[in-house]
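Me: Please take a close look at the aromatic pairs in this structure, and then follow the packing outward from them. I would like one connected account, with the cut-offs given for each term.

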Amino acid sequence: MELAEWLIAPYEYTFMRRALASLLIVSLVGSVVGTFVVHKGLAASGSGLAHATLGGVAIAFVNGASVALGALVAAVATALGIGYARRTSRVSYDTAIAIFFVSAFSLGILVISRRQTYTPDLISFVFGDILGVSQADLVGELILAVVVVGFVLAFYRELVMVAYDPAMASAVGVRTAFFEFSLLVLIAVAVVVALQAIGIVLVTATLIIPPATASLLSRRISRIMAVSFLIGAASSLVGLYASFHAGVAASPAVVLTATAVFAVVLLATSLRRTRLPAAAAAE
């Protein structure tokens, strides 16, 4: 098979084009929100909110409602609950996340346990089904992506100030409580955007791995977002090619590709840091 044919072949199929479009949207949202997640050390919140969506997914599914809407309601409600518990009590952030995510996840398991069978629609939200993304799914993802990116662009300065120094932000009149709650809600929405493509099990990877990799290469938030998107998009392409040509599952292929990029960048930056002092000492 010639190289050109090898590269073009996957995208002769509509489902592959939709999968790529979905992953690019996920990469965009993940890079914008994930940069703040990594900077603020909120990785646990992303994982917790991803698992908490199972409750909303299960309830919506058994009642014949929109599963994506159920996931969104569950994620946002959990995010607000975590923020409220953290700000109004002595409960630590990690403890609040654990309480809410375990409770919501357990509710989902309880609801599912009353069903005789499981369907692909429900299972796809747990393990991801990027090759099964529909046109309606793409539209829903795009709408949520516009909301997330639009909010970040509108309040970029305030979000950056709260991310770097909440005390200083509060001193100059920024409503830190509002933006801390907003960040949790943004994480919740980002999780829902990635659910259909990546699934509950792997969704945290889209929020953490590309931004964490980019943060090894730059310290500016805007640059981290841009590099993170490029890493996410490249990982998506490689993962889809692996899925099509090697017959492996697409979602984990994308995640493992991003992990490999992180490992290479980590090794390269580590070697560079060790060589610089050695070179200075030699001089």
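Reply: What follows begins with the aromatic pairs and then turns to the core and to single residues packed in the helices.

This is a predicted model, in which local features need pLDDT of at least 70 and side-chain atom pairs count only at pLDDT 80 or more, while totals for chains, interfaces and linings use all residues. Residues are numbered from 1 along each chain as its sequence is written, and side-chain values use heavy atoms, with hydrogens and water left out.

A search of the whole structure finds 8 aromatic pairs, where rings of Phe, Tyr and Trp (its six-membered ring) pair if their centres lie within 6.5 Å, and planes under 30 degrees apart count as stacked, over 60 as edge-to-face and the rest as tilted. One of the pairs is stacked and joins tryptophan 6 to tyrosine 241, at 5.1 Å centre to centre and with 15 degrees between the planes. Tryptophan 6 lies in helix H1 (residues 3-8) and tyrosine 241 in helix H12 (residues 221-246), so this pair ties together parts that are 235 residues apart in sequence; helices here (H or I, at least four residues) and strands (E, at least two) are DSSP runs, numbered from the N terminus. Tryptophan 6 is partly exposed, with a relative accessible area of 32%, whereas tyrosine 241 counts as buried at 15% relative accessibility; buried means under 20% relative accessible area, exposed over 50% and partly exposed in between (1.4 Å probe, protein chains only).

Another pair, formed by phenylalanine 178 and phenylalanine 179, is edge-to-face, with 4.9 Å centre to centre and 80 degrees between the planes. Phenylalanine 178 is partly exposed at a relative accessible area of 36%, while phenylalanine 179 is buried at 3%. Ring pairs link these two residues with Phe151 and Phe155 into a cluster. The ring of phenylalanine 178 also has the charged end of arginine 175 over it, 4.8 Å from the ring centre; a charge sits over a ring if NZ of Lys or CZ of Arg is within 6 Å of the ring centre and within 35 degrees of the ring normal.

Phenylalanine 179 takes part in a helix contact as well, made by Glu158, Leu159 and Val162 of H8 and by Thr176, Phe179 and Glu180 of H10, with contact meaning heavy atoms within 4.5 Å. The axes of helix H8 (residues 156-164) and H10 come within 10 Å and cross at roughly 95 degrees; axes are lines fitted to C-alpha atoms, for helices over the stretch in contact, and angles run from 0 to 180 degrees between N-to-C directions. That angle makes H8 roughly perpendicular to H10, given that angles under 35 degrees count as roughly parallel, over 145 as roughly antiparallel, 65 to 115 as roughly perpendicular and the rest as oblique.

The largest nonpolar core has 72 residues, and those with the most contacts inside it are Val33, Phe36, Ile187, Val191 and Leu240; such a core is a set of buried Ala, Val, Leu, Ile, Met, Phe, Trp, Tyr and Cys residues joined through side-chain atoms within 4.5 Å. Helix H10 (residues 176-198) gives the most to this core, with 15 residues. Leucine 240, leaving out residues up to four places away in sequence, touches Tyr11, Met16, Ala19, Leu20, Leu23, Leu131, Ala250 and Val254.

Valine 192 is also placed in helix H10 and is buried at 10% relative accessibility. Beyond residues up to four places away in sequence, valine 192 touches Ala68, Ala71, Leu72, Ala75 and Leu144, and its C-alpha atom is separated by 8.3 Å from that of glutamate 141, 51 residues apart along the chain.

Turning to helix H12, serine 235 has its place there and counts as buried at 2% relative accessibility. With residues up to four places away in sequence not counted, serine 235 touches Val254, Thr257, Ala258 and Val261, and the C-alpha atoms of serine 235 and threonine 259, 24 residues apart along the chain, are separated by 9.0 Å. Serine 31, in helix H2 (residues 14-40), is likewise buried, at 2% relative accessibility, and touches Pro211, Met225, Ser228 and Phe229, again not counting residues up to four places away in sequence.
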